[in-house]
Each structure stands twice: as C-alpha cells, then as structure tokens.
Amino acid sequence: MKQIKVAHSGGSYNIYSGEDILSEALCEVLAGAAYDRVFLVSDSNVYSLWGEHIKTGLSKCGAELAGEHIFPAGELSKRLETVSDMYTSFASASLTRKSLVIALGGGVCGDMAGFAAATYLRGVAVLQIPTTLLSQIDSSIGGKTGVDLSIGKNLVGAFHQPAAVIADSRFLDTLPKRYMDDGMGEAIKYGCIADEELFIGIENKTISRSELIYRCMKIKASVVEEDEFEQGIRAILNYGHTVGHAVEKLGGFERFSHGESVGIGMLYAARIGATLGYDGGYESRIRDVLEKWSLPTVMDYPAEELMKIVRSDKKRTADSVKFILLEKLGKAVIRNVSLSGLDEIMKIF
C-alpha cells in the first residue's frame, strides 16, 4: 500500500493507493480519530456491487454504520434536491460534528457527499473512497465539492478537505470499459499539463494501471498543496474543461461522459493555443492518443451554443475567460482569452 501525504491549511491527510487495501486503510483511518458515528453515502450502482464489502471492511476495524443514504446513479442526481435528502438522512442518523461520512462512488458521489458533509452542521468529516479511475486520480483529491445547477456544472460548492482518500484499484475491476476509458481522459490531461513521460506511457500503452494511478495522484496532490483554494496554479487542472463542460452540458450529461468531454475540450484548447501562439502543434498527438483509448474526438455542437455556456463559466470575468494552454507538452500556462477573440477562434472549428 502506497501513501501520499497532502498538506493543507487545516492540517494534512493521507491518500492510500494500491490493490485490495480497503480494510487495512480503513482501520488506519478509523484508528487515527475518534468518530462517534460512521455514515455511508453511495449511488445505487456502486452500493449494489460494493456496499457489503464496505460493511465487512468496517467490521474488521470494529466499526459499523449508523446509517446510509443511497441515491440514483448518474449525473442527473447531482443537484441540490439530492443534497437536501442527504441532510435529512444525516439528521435521522443523529450525526454530529464528530461523525464521519464515507463517500463511496465516482465523482458525482464524492462531490455531492463532500458538499453535504461540508455544509451539514457547518462541517462533518468526509472519507473519500473513489470507485472509478476518474475519481481516483482526480476528483477525490483536493477538497473540491459541489453540485450542478440547471445553468451549469459545479456552480454551487465548497472546499472541504477529506479526512483521507482510499483508492483501492480493486474497485476498477467491475467498471464497464467505457468508464475506464472515461478516466483516461483525465489521465491524458495530467500528461499534457505536468508529465510528458506519463503522456508518452499512455500514448504507447506501456504504463501499468497502478503506476498510472499513482503518478496522476502525485501530480494532483502536488498542485493542490501549492494552491489549495485555486487562486493560481491549481487552475491548470482545468485543462480541457472550459469547452469540455459545455460539451457535457449540451449532451444533457448523458451523450458524452466527463472524461470524453474533457478529451474533446483538450482538442479545442490545443487549437486555441496554437492560434494564439502557444504549443508546438499538439492537437494531432492528443487526437491520436484519445483515439487509442477509445475516446471521441468529434462532436456536432455549433460554436455559438458552446460559447453560450462558456460565457457562464465560473472562471470568466466581464470580458474574458481563463484558459489553460500548453507552452509545451508537460507544461501548462494560464492565460485570459478575450470573449470576443474566442468567438472568432471558435468559428474556425
């Protein structure tokens, strides 16, 4: 079992990574704090596969659940109404500020359970147990939590650092192929912005699953340590996300998954960067590696529809939007791109 320590303004937490490590990691987390109650949040798909596994793991540590909240699987559940239902379940289980909420699932579960924990009683501890490749290497680390609104993704949220993250690769064995491919969208992003060797390993399919997960987690941990509240360098983690979120929303969060949307967004970012004088023409390499991992590289949404959503992006100012561009493969830069200039660039796609 590998560990990565992540420091933040309120202290630090450990990321536990490896194969079949759940019980060992759970016992270490629970031994390190005196939680009065443990509560499980999961979605209907993950709970049916792994709910009993979690209970068995807790039992080995001498713990049991005070309650659980299972919500319908899918991005469409990521809304304030679902969080409100969680609050009701928390109250029914008599959670206190000394309790622990376990978020068992992918990014939707981790984001929502983390937000509910952040805001219930003004803060309850949350243990992130991500069950998808995407959530293991990205969303479970760094304390970002949130829910979607009808006008955009993750527009309501809070920073709430986890008590720990347990990334057991055994969970990935039950993932459908599309969800494994989906996670590769974010893994490719890490190679683009911070680790050329990682990109090459993904490009050539020579990197092992365990090494890929660990290297991506190390990058994410390093970035969020340096910039906990996204005031600077942490923004590079949004490479491909500005257009990607628009692609995701226009598809009703169903046609394209998050990782698929980010992949398409990276192609837009690479071409926008090339147009503005950045990067060395990485669009074709990014396109090739996306295709190698069965990720889509085309979609048919008009530029004007994409721009409507980009204009509502939380990273925009009055007349510009923050874009992440590549100075070179493995090194990202943050630049403000004028909305008027972006309108013109988008028309050439």
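Q: Take the charged end of a lysine or arginine to sit over a ring if NZ of Lys or CZ of Arg is within 6 Å of the ring centre and within 35 degrees of the ring normal. What makes K2 a case of this with the ring of Y214?
A: This is a predicted model, and in it the charged end of K2 is 4.3 Å from the centre of the Y214 ring. That distance is within the 6 Å limit, and the charge is listed as sitting over the ring.

Q: Which ring does the charged end of K189 sit over?
A: That of Y190, with 4.4 Å to the ring centre. The cut-off is 6 Å, so the distance passes here too.

Q: How do you know that C27 and C61 form a disulfide?
A: Their sulfurs are 2.2 Å apart, and the limit is 2.5 Å, so the pair counts. C27 lies in helix α1 (residues 22-31), while C61 is in the loop between α2 (44-60) and β4 (67-71), 34 residues apart. The link is left-handed, with -95° about the S-S bond. A search of the whole structure turns up one disulfide.

Q: Why are C27 and C61 called partly exposed?
A: C27 has a relative accessible area of 28% and C61 has 23%. Partly exposed runs between 20% and 50%, so both cysteines qualify.

Q: Why is there no bond from C192 to C216?
A: The two sulfurs are 11 Å apart, too far for a bond, because a disulfide needs them within 2.5 Å. C216 is in no disulfide either. Both C192 and C216 have a relative accessible area of 0%, so they are buried by the under-20% rule.

Q: What makes the F39 and F90 pair edge-to-face?
A: The angle between the planes is 85°, and over 60 degrees counts as edge-to-face, so the label follows. The centres are 5.1 Å apart, within the 6.5 Å limit. The pair links strand β3 (residues 38-43), which holds F39, to helix α3 (residues 80-92), which holds F90, 51 residues away.

Q: Are F39 and F90 buried or exposed?
A: Buried: F39 has a relative accessible area of 1% and F90 has 0%, and the cut-off is under 20%. Both belong to one aromatic cluster with Y87 and Y120.

Q: Why is the pair of F159 and F229 called edge-to-face?
A: Their planes sit at 85°, over the 60 degrees required, so that is the label, with the centres 5.3 Å apart. F159 is in strand β8 and F229 in the loop between α8 (209-226) and α9, 70 residues apart. Both are partly exposed, F159 at 34% and F229 at 39%.

Q: What makes helix α9 (residues 241-250) mostly covered?
A: Eight of its 10 residues are buried, among them H241, V243, G244 and V247. The cover includes β8 (152-159), α6 (177-194), α10 (258-275) and β10 (320-328). Just after α9, G252 takes a positive phi of about 65°.

Q: How do you know that β10 and strand β11 (residues 331-338) pair?
A: They share eight bridges in the antiparallel sense, and at least two are required, so they pair. One of the bridges joins K322 to N336 in β11. The two strands form a hairpin with two residues between them, and G330 in the turn has a positive phi of about 95°.

Methods. Residues are numbered from 1 along each chain as its sequence is written. This is a predicted model: local features need pLDDT of at least 70, side-chain atom pairs count only at pLDDT 80 or more; totals for chains, interfaces and linings use all residues. Side-chain values use heavy atoms; hydrogens and water are left out. Buried means under 20% relative accessible area, exposed over 50%, partly exposed in between (1.4 Å probe, protein chains only). Helices (H or I, at least four residues) and strands (E, at least two) are DSSP runs, numbered from the N terminus. Contact means heavy atoms within 4.5 Å. Rings of Phe, Tyr and Trp (its six-membered ring) pair if their centres lie within 6.5 Å; planes under 30 degrees apart count as stacked, over 60 as edge-to-face and the rest as tilted.
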